[in-house]
Amino acid sequence: QVQLVESGGGLVQAGGSLRLSCAASGNFFNIGVMGWDRQAPGKQRELVASIFSGGTTNYADSAKGRFTISRDNTKNAIYLQMNNLTAEDTAVYYCNADIKDGLYASWQLFWGQGTQVTVSS
């Protein structure tokens, strides 16, 4: 059973920083792209950032210049360093990953349970 476990959310003042972590556990063959999405109250879930196993990254415009996604393949983990946070960053942040549980298996998308980030203005 594959699980994505997130940590690092919390309450921070505007202008502050937080670092989110997400680690995959369980039995699997390979992990492809991993990333973070977020969902604010009353809004649709949106991509924040993603990273391929080779290190190629992709950011939403709202995250560029403030957020940095990184990855440790030895730990099956990704991180999201968020700086200069604003109230608009308040949301539940979800980790996701494309995972194969066997050499000839299909890629499956897994999600973490979400971690709340609240930025007070």
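A salt bridge is taken here as a side-chain nitrogen of Lys or Arg within 4 Å of a carboxyl oxygen of Asp or Glu, and by that criterion the structure, which is a predicted model, holds 4 salt bridges.

One of them links Arg38 to Glu46, with the closest N and O atoms 2.7 Å apart. The two partners differ in their surroundings, for Arg38 is buried at a relative accessible area of 7%, whereas Glu46 is partly exposed at 36%. Another salt bridge pairs Arg66 with Asp89, and here the closest N and O atoms are likewise given as 2.7 Å apart. Arg66 belongs to the loop between β6 (57–59) and β7, while Asp89 sits in the loop between β8 and β9, so this pair ties together parts that are 23 residues apart in sequence. Both Arg66 and Asp89 are buried, and salt bridges with shared partners connect Arg38, Glu46, Arg66 and Asp89 into one network. Asp61 also forms a salt bridge, with Lys64, the closest N and O atoms being 3.2 Å apart; Asp61 is exposed, having a relative accessible area of 63%.

From these side chains we turn to the strands. An open sheet of 4 strands is arranged in the order β1-β3-β8-β7, with antiparallel pairing. Because β1 (3–7) and β7 stand at its edges with a single partner strand each, one side of each is left without a neighbour in the sheet. From one strand to the next, the twist averages 15°.

At one edge, β1 runs antiparallel to strand β3 (residues 18–25), to which 5 bridges join it, and Ser7 has Ser21 in β3 as its bridge partner. At the other edge, β7 pairs with strand β8 (residues 77–82) in the antiparallel sense over 6 bridges, and Ser70 stands opposite Tyr79 in β8. The hairpin of β7 and β8 has 4 residues between the strands, and in this hairpin Asn76 takes a positive phi near 50°. The side chains of β7 (residues 67–72) alternate along the strand, with Phe67, Ile69 and Arg71 pointing to one face, where they are buried, and Thr68, Ser70 and Asp72 pointing to the other, where they are not.

A final position to examine is Tyr104, which lies in the loop between β9 (91–100) and β10 (108–111). Since residues count as exposed when their relative accessible area is over 50%, Tyr104, at 79% relative accessibility, falls in the exposed class. Although Tyr104 and Phe29 are 75 residues apart in sequence, their C-alpha atoms are 9.5 Å apart in space.

Key: Residues numbered from 1 in each chain as written. Predicted model: local features only at pLDDT ≥ 70, side-chain atom pairs only at ≥ 80, totals over all residues. Heavy atoms only, no water. Buried < 20%, exposed > 50% of the residue type's maximum accessible area, 1.4 Å probe, protein only. Helix = DSSP H or I, 4+ residues; strand = E, 2+ residues; numbered from the N terminus. Pairing = 2+ DSSP bridges. Axes fitted to C-alpha atoms, helices over the stretch in contact; angles between N-to-C directions.
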